[in-house]
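Here is a short review note for a colleague who has not seen this structure before. Please read the points below alongside the sequence and the 3D view.

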Amino acid sequence: MTTSIHITALDGIINVNSLFTLAVFLGLAWNPSDPNNSFITDPSSPCAASRTIVENIVAFHVYSFSSFLFSSLLALALKQALRIAKTSHFSAHFNHLPEFFAHVNKDLLRFGMLISGIGSVCGCVFLMLALINVVQFKLGTLACGSGHSYAAIVPLLIFVPSALLIYVSIVVYAFTR
């Protein structure tokens, strides 16, 4: 029963990370130097994004991609270890099947799942930061007081951290039980 719960949890991490990784990959394919990508028509405007904001867009997308990829690969490795352990338990009853591993250390499994979850959370934070910079590039910087930028960023800063707080709380609760 515990193994199936762990595998289900790892499947959830892998599926969510896959969707976010695809989104980040598409974000990396976007060309911010195209002048048609921004609603700010005057590059000398104080609301126009600086080169630093454009560089941060790419950097945060790469950090996010790396975090989601790390988390997914770790979750896949843990899932494979559980499958091998389950197979070796089955094969122990039959002499003609090879036995690879006999046990999976439960503490190590929980630690790996925790690290994989942290990778997902970091990926979400970096993706949120990338999106904040995309909004500043397209609608105007926060420093110039662009109302459209604030209208796009404020919900992002409320919903994403709230969802991450709920996710982290549930993960911590699951590890303490």
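Is T141 buried or exposed?

1. T141 counts as buried, because its relative accessibility is 8%. This threonine sits in the loop between α3 and α4, the latter covering 147-176. Leaving aside residues up to four places away in sequence, T141 touches P46, C47, A48, A49, I53, Q136 and S146. The model under review is predicted, and the points that follow should be read with that in mind.

2. On the overall fold, the chain has four helices and zero strands. Read along the sequence, the pattern is α-α-α-α. The chain has 177 residues, and 31% of these count as buried. Among contacts with a separation of 6 or more, 78% are between residues 24 or more positions apart. The accessible surface of the chain is about 11000 Å², and carbon and sulfur atoms contribute 70% of that area.

3. Helix α3 spans residues 106-139, and L108 is found in it. The helix has 34 residues. From its first C-alpha to its last, α3 reaches 49 Å, close to the 50 Å expected at 1.5 Å a residue. G140 follows α3 and has a positive phi, near 120 degrees.

4. Which residues make the nonpolar surface patch of about 380 Å²? The patch is made by L108, F111, L114 and I118. L108 counts as exposed because its relative accessibility is 57%, over the cut-off of 50%.

5. V134 also has its place in helix α3. With 16% relative accessibility, V134 counts as buried, since the limit for that class is under 20%. V134 and I57 are 77 residues apart in sequence, while their C-alpha atoms are 6.4 Å apart in space.

6. H61 lies in helix α2. Its relative accessibility is 5%, so H61 counts as buried. The C-alpha atoms of H61 and A23 are separated by 9.5 Å, and the two residues are 38 residues apart along the chain.

7. How many salt bridges does the structure hold? There are two. One is formed by K79 with D11, and the closest N and O atoms of this pair are 2.2 Å apart. The pair links distant parts of the chain: K79 belongs to helix α2 (residues 51-91) and D11 to helix α1 (residues 2-29), with their positions 68 residues apart. K79 is buried, because its relative accessible area is 12%. D11 has a relative accessible area of 26% and is therefore partly exposed.

8. R51 forms a salt bridge with E55, and here the closest N and O atoms are 3.4 Å apart. Both residues, R51 and E55, lie in helix α2, four residues apart, or about one turn of the helix. R51 counts as exposed at 64% relative accessibility, whereas E55 counts as partly exposed at 43%.

9. How many disulfides does the structure hold? The number is zero. C122 is in no disulfide, and the nearest cysteine sulfur, that of C124, is 9.4 Å away. C124 is likewise in no disulfide, its nearest cysteine sulfur being that of C122, 9.4 Å away. A disulfide would need the two sulfur atoms within 2.5 Å, so the pair does not qualify at 9.4 Å. As to accessibility, C122 counts as partly exposed at 32%, while C124 is buried with a relative accessible area of 17%.

10. For a second look at the model, three places can be checked against the view. The first is T141, in the loop between α3 and α4, with its contacts to residues including P46 and Q136. Another is the salt bridge of K79 with D11, which joins helix α2 to helix α1. The last is the nonpolar patch that includes L108 and F111.

Definitions and conventions. Residues numbered from 1 in each chain as written. Predicted model: local features only at pLDDT ≥ 70, side-chain atom pairs only at ≥ 80, totals over all residues. Heavy atoms only, no water. Buried < 20%, exposed > 50% of the residue type's maximum accessible area, 1.4 Å probe, protein only. Helix = DSSP H or I, 4+ residues; strand = E, 2+ residues; numbered from the N terminus. Contact = heavy atoms within 4.5 Å. Areas by Shrake-Rupley, 256 points an atom, 1.4 Å probe, with all protein chains shown as cover. Patch = residues over 30% accessible without salt bridge, like charges linked within 9 Å, V, L, I, M, F, W, Y side chains within 5 Å. Salt bridge = Lys/Arg side-chain N within 4 Å of Asp/Glu carboxyl O. Expected span 1.5 Å × (residues − 1).
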